[in-house]
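Subject: A structure to look through

Dear colleague,

I am handing over a structure that I have been reading through, and I would be glad if you kept it open beside this message. My notes on what was found in it follow below.

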Amino acid sequence: MQAIAAVRKAQALRDLAAGVQADVRGGTPEEISSFNRAVRERGIERFIDAMYEAKVALDGLEPYYVPSITIDRWEIAPEVGQAPMAELRQAK
């Protein structure tokens with residue numbers, strides 16, 4: 001189901017890549033710092049976009065499925081996201 005995939009993707013993006021070492025990327029300390037800042041910023045943007053997509057995917061299931069939780073924040077916390085994931089797996 002698309003909703004399951006969307007929620008899983010959003011939860012996976014919660015863990016941002018950070019602190020890439022110089023020997024992995026190469027470059028001066030300033031370049032590494034700039035690169036790591038860009039990675040964090042892009043990761044945050046991707047996380048926010050994925051969380052929005054997950055909420056839209058869950059909303060798109062109504063009236064056939066209404067989550068047992070209220071998603072009233074901008075994000076679906078990991079512990080909150082487990083309930084709809086289990087419910088969707090049961091329903092498919």
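In what follows, a contact means that heavy atoms lie within 4.5 Å. Please keep in mind throughout that this is a predicted model.

With that meaning of contact, and not counting residues up to four places away in sequence, L88 touches M1, A3, I4, L58, L61 and Y65. L88 also belongs to the largest nonpolar core, which has 16 residues, and together with A54 and L58 it touches the most other members of that core. The elements that give two or more residues to this core are α1 (2-12), α3 and α4. As general background, nonpolar side chains in soluble globular proteins tend to be buried together.

Helix α3 deserves a slower look. It has 31 residues and reaches 45 Å from its first C-alpha to its last, which is close to the 45 Å expected at 1.5 Å a residue. Its buried residues are I32, N36, G43, F47, A50, M51, A54 and L58, and what covers them includes α1, α2 (22-25) and α4.

Is N36, a residue of that helix, buried or exposed? Because its relative accessibility is 8%, and buried means under 20%, N36 counts as buried. Leaving aside residues up to four places away in sequence, N36 touches G19 and V20.

Which side chains meet in a salt bridge? Those of E53 and K9 do, at 3.8 Å from N to O, and the pair links distant parts of the chain, since E53 sits in helix α3 and K9 in helix α1, 44 residues apart. The count for the model comes to 1 salt bridge. E53 has a relative accessibility of 41% and therefore counts as partly exposed, and K9, at 42%, likewise counts as partly exposed.

Finally, there is something to see on the surface, where L16, I44, I48 and W74 make a nonpolar patch of about 370 Å². Of these residues, W74 is found in the loop between α3 (29-59) and α4 (78-91), and because its relative accessibility is 48%, W74 counts as partly exposed.

With best wishes

Conventions
Residues are numbered from 1 along each chain as its sequence is written. This is a predicted model: local features need pLDDT of at least 70, side-chain atom pairs count only at pLDDT 80 or more; totals for chains, interfaces and linings use all residues. Side-chain values use heavy atoms; hydrogens and water are left out. Patches are made of residues with over 30% relative accessible area and no salt bridge: like charges are joined within 9 Å, nonpolar side chains (Val, Leu, Ile, Met, Phe, Trp, Tyr) within 5 Å. Accessible areas come from the Shrake-Rupley method with a 1.4 Å probe; for residues, only the protein chains shown count as cover. A salt bridge is a side-chain nitrogen of Lys or Arg within 4 Å of a carboxyl oxygen of Asp or Glu. Helices (H or I, at least four residues) and strands (E, at least two) are DSSP runs, numbered from the N terminus. Buried means under 20% relative accessible area, exposed over 50%, partly exposed in between (1.4 Å probe, protein chains only). A nonpolar core is a set of buried Ala, Val, Leu, Ile, Met, Phe, Trp, Tyr and Cys residues joined through side-chain atoms within 4.5 Å. The expected span of a helix is 1.5 Å times one less than its number of residues.
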